[in-house]
Amino acid sequence: MSVDMRTFLAHVELANPITTAAGCAGSGRELAQFFDLHRLGALTTRSITMAPRAGRPTPRMAETPSGMLNAVGLQGPGIEAFLERELPWLAQRGIKTIVSIGGGTVAEYSELARRLADAPGVTALEVNLSCPNMEDRGRVFAREGSAAAEVIASVRSIMRYDVPVVAKLAPDVADIVSVARACVDAGADALSMINNPLGMAIDTEALRPSLAAVTGGLSGPAVLPLAVRCVWQVHAALPGVPLIGMGGVMTGRDAFQLILAGACLVGVGTALFHDPYACLRIERELEDLLRARGFQRLADAVGLAHRPPGSAPRHLLVDSEESSP
């Protein structure tokens, strides 16, 4: 028995729920060496900025127990090169593409949205809110609902109505639900979570921080419970909002946890650094888990852990309601 693995990001149908996490697959060419990108639900690009960025000084990656710290600093060629070379390459191949953007001011986000509004090949726009607001003493947009909402409202007002705007949230906040709600109220069609929480490691041989930037984003298996908690809380508060769950996904069972918590898509990131086939493997493992538990559709598992024990899957509830007098 096959499982219907289709899912929706707002109104956009995707063949399966697996996407790459921003920054972990470049803009697709790297992974295309290993498999047909059409086998992904969608490919998420690295976060695109207005100007080219060389990134932060090295060392900017460090291994930690069950994870990895990184302080790459949104390295990339900028929006001009992206529109000239990278997006057309994806569009010509018909790859479902979630374009991630990052900026230092509301005006930068708005200009990025304007440049992408009429560009062919943009399936959805992910707004990376874990960027320092240069107009507010470097406070990260994602840490305040009002700041995040201002960015989302600006982007949503510019972006085409048929392109979902996805707000990417950080877990380093007092109340992620309030930030999520502010973004949805401002026009976000979906939410992506979690971005990397901040961490730090010290090299005990050099007696200095392991990263040149001192702190960096923590990813890998260590953050999965944090991601599951955030997805659970936001789905409980906003059950009608599509969620992309990510953070520490290494296996299909990890992805299944996020689906049960309320995610309809799952992002794979750090796993790709040691296994370029990770997305395909995780999608296959997830389908096997669903089949083994009697699911006919992925959609019936989304948020299932929130329902009381023994309650019928969603499709059975719908069938019983339709047949009742």
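## A look around the sheet and its helices

Strand E7 is covered on both faces: Thr-97, Val-99 and Ile-101 on one side, and Ile-98 and Ser-100 on the other, are all buried (buried means under 20% relative accessible area, exposed over 50%, partly exposed in between, with a 1.4 Å probe and protein chains only). In a regular strand, side chains alternate between the two faces of the sheet. That fits the count for E7, where 5 of its 5 residues are buried.

A quick word on what you're looking at: this is a predicted model, where local features need pLDDT of at least 70 and side-chain atom pairs count only at pLDDT 80 or more, while totals for chains, interfaces and linings use all residues. Residues are numbered from 1 along each chain as its sequence is written, and side-chain values use heavy atoms, with hydrogens and water left out. Helices (H or I, at least four residues) and strands (E, at least two) are DSSP runs, numbered from the N terminus.

Now for the sheet. It is open, with 8 parallel-paired strands in the order E3-E18-E17-E12-E11-E8-E7-E4. Two strands pair if DSSP finds at least two bridges between them. The edges are E3 (18-20) and E4 (43-48), each pairing on one side only. Here are some of the pairings:

| Strands | Bridges | One bridge pair |
|---|---|---|
| E3 and E18 | 3 bridges | Ile-18 and Val-266 |
| E4 and E7 | 4 bridges | Ile-48 and Ile-101 |
| E7 and E8 | 4 bridges | Val-99 and Leu-125 |

Next, two helices that pack together. The axes of H4 (residues 145-158) and H5 (residues 176-185) come within 8 Å and cross at roughly 25 degrees. Axes are lines fitted to C-alpha atoms, for helices over the stretch in contact, and angles run from 0 to 180 degrees between N-to-C directions. That makes H4 roughly parallel to H5 (under 35 degrees; over 145 is roughly antiparallel, 65 to 115 roughly perpendicular and the rest oblique). Gly-145, Ala-148, Ala-149 and Ile-152 in H4 meet Val-179, Ala-182 and Cys-183 in H5.

Finally, helix H7 (residues 252-261) has 7 of its 10 residues buried, so it is largely enclosed by the rest of the structure. Among the buried ones are Phe-256, Leu-258 and Ile-259. Their cover includes helices H6 (224-237) and H8 (278-292), plus strands E17 (243-246) and E18 (265-268), with contact meaning heavy atoms within 4.5 Å. Right after H7 comes Gly-262, with a positive phi near 135 degrees.
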